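Visitor: I'd like to learn how to read a small fold. Could you walk me through one?

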Amino acid sequence: MDEIVGFAELRWLRELTVTTRKKSIPELIGARLLRRGLVERSIGGFALTARGRIALVKLG
């Protein structure tokens, strides 16, 4: 299930690299990133997964 990561999703992945946890990701984008395994839900909000970090490296 390879889906294209859109610009909005890429922006939020980059936001997660600046801060360790992000609480205010839009619901639709957060659901897409969770479904793809790029982020995970944590106590403080969302956190980037290893797969999310790999996607950021590949996408630039």
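Guide: Let's go from the overall fold to one helix and its surroundings. Keep in mind that this is a predicted model.

Visitor: What pattern does the chain follow along the sequence?

Guide: Reading from the start, you get α-α-β-β-α, which comes to 3 helices and 2 strands. Of the 60 residues in the chain, 35% are buried. Among contacts with a separation of 6 or more, 38% join residues 24 or more positions apart.

Visitor: How far apart should the ends of helix α1 be?

Guide: Count 1.5 Å a residue: the 12 residues of α1 (residues 7-18) should span 16 Å, and the end C-alpha atoms sit 17 Å apart, so the two agree.

Visitor: Which residues of α1 are buried?

Guide: Start with the general idea: an α-helix has 3.6 residues a turn, so residues three or four places apart point the same way. Here the buried ones are Glu-9, Leu-10, Trp-12, Leu-13 and Leu-16. They cover an arc of only 165° around the axis, so they lie on the same side of α1.

Visitor: And what is exposed on the other side of α1?

Guide: Phe-7 and Val-18 are.

Visitor: What covers the buried residues of α1?

Guide: The cover includes α2 (27-36), β1 (39-42), β2 (45-48) and α3 (50-59).

Visitor: Which residue lies over the face of Trp-12?

Guide: That's Arg-11, at 4.5 Å from the ring centre. As for aromatic pairs, searching the whole structure turns up 0.

Visitor: How much area does the chain expose?

Guide: About 4200 Å², with carbon and sulfur atoms supplying 57% of it.

Conventions:
Residues numbered from 1 in each chain as written. Predicted model: local features only at pLDDT ≥ 70, side-chain atom pairs only at ≥ 80, totals over all residues. Heavy atoms only, no water. Phe/Tyr/Trp six-rings, centres within 6.5 Å; stacked < 30°, edge-to-face > 60°. Lys NZ or Arg CZ within 6 Å of the ring centre and 35° of its normal. Helix = DSSP H or I, 4+ residues; strand = E, 2+ residues; numbered from the N terminus. Expected span 1.5 Å × (residues − 1). Buried < 20%, exposed > 50% of the residue type's maximum accessible area, 1.4 Å probe, protein only. Arc of directions from axis to C-beta. Contact = heavy atoms within 4.5 Å. Areas by Shrake-Rupley, 256 points an atom, 1.4 Å probe, with all protein chains shown as cover.
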